[in-house]
Amino acid sequence: MYPDYIKHNLKHQLRDYQKQSLYNLNYTQKDVNVASRFNQLLFHMATGSGKTDVMAADMLYFYHEFGYQNFLFVVNTNAVIAKTRENMLNVQSPKYLFSQPINIDGMPIELREVTRFPKK
C-alpha cells in the first residue's frame, strides 16, 4: 500500500509495479546507511509503463517526507520536455497527472516551472 497523500493527489491509481517502485524508493531513503549505499537511483521501466506517474508520485513523496520543493528534469529531446511540462503543469490538459487541487496535510500545493532555482 502507498501513502494516502500520494493516492489522493494523483489522477490515476498506481499499478502494482509502480507501487513497488515507491516501496523501493522509500527503502533507499529510510535506510540508515543511505548516504553510503544509495547515492544514485534509477527507475528502469519500459515505454508506456507509467514512468511519468511514478515521477509525479516521487515528487509528492519527496515533498512530504523531506520537504523538497525543487525538482530538476533532464531529458534528451525537446518533445519529452514539452510532454512533461504538459503532464505536470497544465491543469487543463487531459494528460495532467495530479488531482485538483493538490493538497498535502491540509495545505494546498502549487506546482510551477522556474527557469532557475533560488539561492539558499
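This report covers helix α4 and its flanking loops in a predicted model.

## Helix α4

Helix α4 spans residues 51-66, 16 residues in total. From first C-alpha to last, α4 reaches 21 Å. That is close to the 22 Å expected at 1.5 Å a residue. Gly-67 follows α4, and the phi of Gly-67 is positive, near 75 degrees.

## Buried residues of α4

The buried residues of α4 start with Asp-53 and Val-54. Ala-56, Ala-57, Asp-58, Met-59, Leu-60, Tyr-61 and Phe-62 are buried as well. The buried residues pack against three helices: α1 (4-7), α2 (16-30) and α5 (78-89). They also pack against strand β1 (103-104).

## The loop before α4

Ser-49 sits in the loop between α3 (34-37) and α4. Its relative accessible area is 10%. Ser-49 therefore counts as buried, the cut-off being under 20%.

The Ser-49 side chain reaches the backbone oxygen of Ala-46 at 2.6 Å. Beyond its neighbours within four places in sequence, Ser-49 is in contact with Arg-15, Tyr-17 and Gln-18.

## The loop after α4

Val-74 lies in the loop between α4 and α5. Its relative accessibility is 74%. Val-74 is therefore exposed, since the cut-off is over 50%.

Val-74 belongs to a nonpolar surface patch. Leu-72, Val-114 and Phe-117 are the other members. Together the four residues have about 420 Å² of accessible area.

Terms used:
Residues are numbered from 1 along each chain as its sequence is written. This is a predicted model: local features need pLDDT of at least 70, side-chain atom pairs count only at pLDDT 80 or more; totals for chains, interfaces and linings use all residues. Side-chain values use heavy atoms; hydrogens and water are left out. Helices (H or I, at least four residues) and strands (E, at least two) are DSSP runs, numbered from the N terminus. The expected span of a helix is 1.5 Å times one less than its number of residues. Buried means under 20% relative accessible area, exposed over 50%, partly exposed in between (1.4 Å probe, protein chains only). Contact means heavy atoms within 4.5 Å. Patches are made of residues with over 30% relative accessible area and no salt bridge: like charges are joined within 9 Å, nonpolar side chains (Val, Leu, Ile, Met, Phe, Trp, Tyr) within 5 Å. Accessible areas come from the Shrake-Rupley method with a 1.4 Å probe; for residues, only the protein chains shown count as cover. A salt bridge is a side-chain nitrogen of Lys or Arg within 4 Å of a carboxyl oxygen of Asp or Glu. A polar contact is a pair of N or O atoms within 3.5 Å; within protein, one must be able to donate a hydrogen and the other to accept it, and residues adjacent in sequence count only if both atoms are side-chain atoms.
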